[in-house]
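Here are my comments on the model you sent, set out as numbered points for you to check against the coordinates.

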Amino acid sequence: MATLLVEIVTPEAPLWSGEALALIARSSDGDFTILPEHTATVGDLVPGVLRVQTTEGELSFCVHGGYFQVGTDDKPEETRATVLAGIAEKVTDIDVARAQVAKEAAEAQLAASSRGESTDAVTERLAHDALARADLRLSAAG
Amino acid sequence: MAGGQERILRRRIKSVQATRKITKAMELIAASQISRSQARIFANRPYRHGMQRIIVEAALGDPAAAKKLLATPDVVTSAVVLVIAGDRGLSGAYNTSALRAGERLVQQLQREGASVRLYCVGKKAPSFYRFRGMDVQQSFMGFVDRPSFSDARLIASVVAAPFIDGEVQKVLLVSTRFHSAGSQGVETEQLLPLALPDPVLEDAPKPLKGYTEFEPEVEQLLTSLAPRALESEIFSALLEGAASFHISQQRAMAAATDNADELGQTLTRIMNRARQDSITTEIMEIVGGAEALRSGK
């Protein structure tokens with residue numbers, strides 16, 4: 001029987017890997033589902049919640065943008081789906097209080113730069129990213 | 001007097017032993033950090049390889065787009081050089097060899113007629129380059145021992161900015177790569193435009209057989225992939241730099257401990273001889289005195 005092997009990898013460490021029934025996520029082309037024997041695919045992931053259905057239930061991961069690759073390595077009956085995300089976490093691991101604090105800090109930073117207090121483009125972009133991450137975490141956990 | 005020399009020697013031995021304690025402690029600390037930083041490199045590998053694999057896939061999927069986005073420009077009038085060194089010294093040649101290699105690269109680019117913007121990582125870098133009259137645009141420090149991915153993201157966004165704005169045609173990285181616990185070396189690699197992983201390397205990702213679908217189009221995918229791949233490459237360079245730093249420090253401190261042992265031994269021998277000499281002199285004096293008393297009777 002064909003199986004689907006899902007690996008979720010971040011730069012710091014592999015986050016999760018195991019056998020799954022389906023992988024549901026969203027790329028910039030729209031929502032998609034990967035099932036066993038899916039054709040070889042390479043694509044991106046927009047920030048959002050990625051779901052992995054296993055025989056023991058469904059796992060949700062908060063993925064802050066990334067890429068995925070689907071293919072078979074050596075064994076044709078084994079489909080591999082590798083998810084590469086710069087930042088990702090299990091939805092159950094999200095620290096709501098910390099995300100709230102990060103959201104407020106990012107908003108304060110953006111408010112300061114919109115008032116013209118700091119014009120550093122890099123700081124501003126990092127604050128934008130931080131705000132987007134905090135919002136996604138809060139909506140995923142909440 | 002002979003007793004005075006003995007006291008001076010005893011003091012020097014004590015100081016050598018105190019130094020040995022410090023170098024031994026640093027050696028042990030560095031050794032414990034080695035395994036930790038090595039584990040982080042291994043934990044990062046799946047991500048890095050996955051990234052490289054996606055780039056290879058995308059480049060094979062649409063060679064025309066890949067040529068446009070990945071090809072090295074023929075004429076380079078301006079380039080960014082990023083040098084990764086350490087925050088702390090007492091680590092053998094780790095800092096200097098990376099910094100020197102960076103200096104040579106900058107000089108070579110300048111000879112070829114390109115202007116260079118220098119960025120560096122590590123506390124040791126700015127003073128090195130300033131002393132040689134080279135301008136450092138920005139330096140990052142404080143995380144070199146235990147780099148996190150957000151550090152890599154920050155560096156990536158800073159060094160990529162002039163490339164994205166079209167001000168430079170190339171971004172180069174000079175860092176110490178970790179091949180194994182026994183071998184590390186300074187290497188230069190091209191960060192932007194993205195370089196395809198060397199197919200000669202044994203662990204280079206192999207492309208999948210057959211047809212691959214892309215979501216979105218390859219050109220769009222590669223464009224958005226470039227900054228992420230840059231972050232990934234910088235992060236792995238930081239991790240490998242950290243591991244190389246700890247190995248280099250452990251080696252330097254082990255050598256220093258051995259030296260202290262040897263010096264302590266030599267000094268102890270000299271001190272023992274000095275003590276023996278003073279005892280001999282004393283005996284001679286006593287014997288001489290007794291002799292004088294007897295002959296005086």
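The points below take up the contact between the chains, then the backbone features.

1. This is a predicted model, and the comments should be read with that in mind. In it, 29 residues of chain B are in contact with 24 residues of chain A. On chain B, the elements α1 (2-61), α5 (149-164), β6 (213-215) and α6 (218-296) each supply at least two residues of the side that touches chain A, and the largest share, ten residues, comes from α1(B). By residue type, that side of chain B divides into 16 nonpolar, seven polar and six charged residues.

2. Strand pairing also links the two chains, since β5 of chain A (residues 41-45) and β6(B) run parallel to each other and pair over three bridges. Within this pairing, Val42(A) has Phe214(B) of β6(B) as its bridge partner.

3. Two cis peptide bonds in chain B deserve a look. The bond from Leu192(B) to Pro193(B) is cis, with omega near -10°, and Pro193(B) sits in the loop between β5 (183-192) and β6 of chain B. The bond joining Glu215(B) and Pro216(B) is cis as well, with omega about 0°, and Pro216(B) belongs to the loop between β6 and α6 of chain B.

4. Positive phi values occur at two residues other than glycine. Glu37(A), in the loop between β4 (30-34) and β5 of chain A, has phi near 70°, while Leu90(B), in the loop between β1 (78-84) and α3 (94-111) of chain B, has phi near 55°.

5. Are these two residues buried or exposed? Glu37(A) counts as partly exposed because 13 other C-beta atoms lie within 10 Å, and Leu90(B) is likewise partly exposed, with 16 such atoms within 10 Å.

How values were computed: Residues numbered from 1 in each chain as written. Chains lettered and ligands numbered in written order. Predicted model: local features only at pLDDT ≥ 70, side-chain atom pairs only at ≥ 80, totals over all residues. Contact = placed C-beta atoms within 7 Å. Helix = DSSP H or I, 4+ residues; strand = E, 2+ residues; numbered from the N terminus. Nonpolar A, V, L, I, M, F, W, Y, C, P; charged D, E, K, R; others polar. Pairing = 2+ DSSP bridges. Buried ≥ 20, exposed ≤ 12 C-beta atoms within 10 Å, placed from the backbone.
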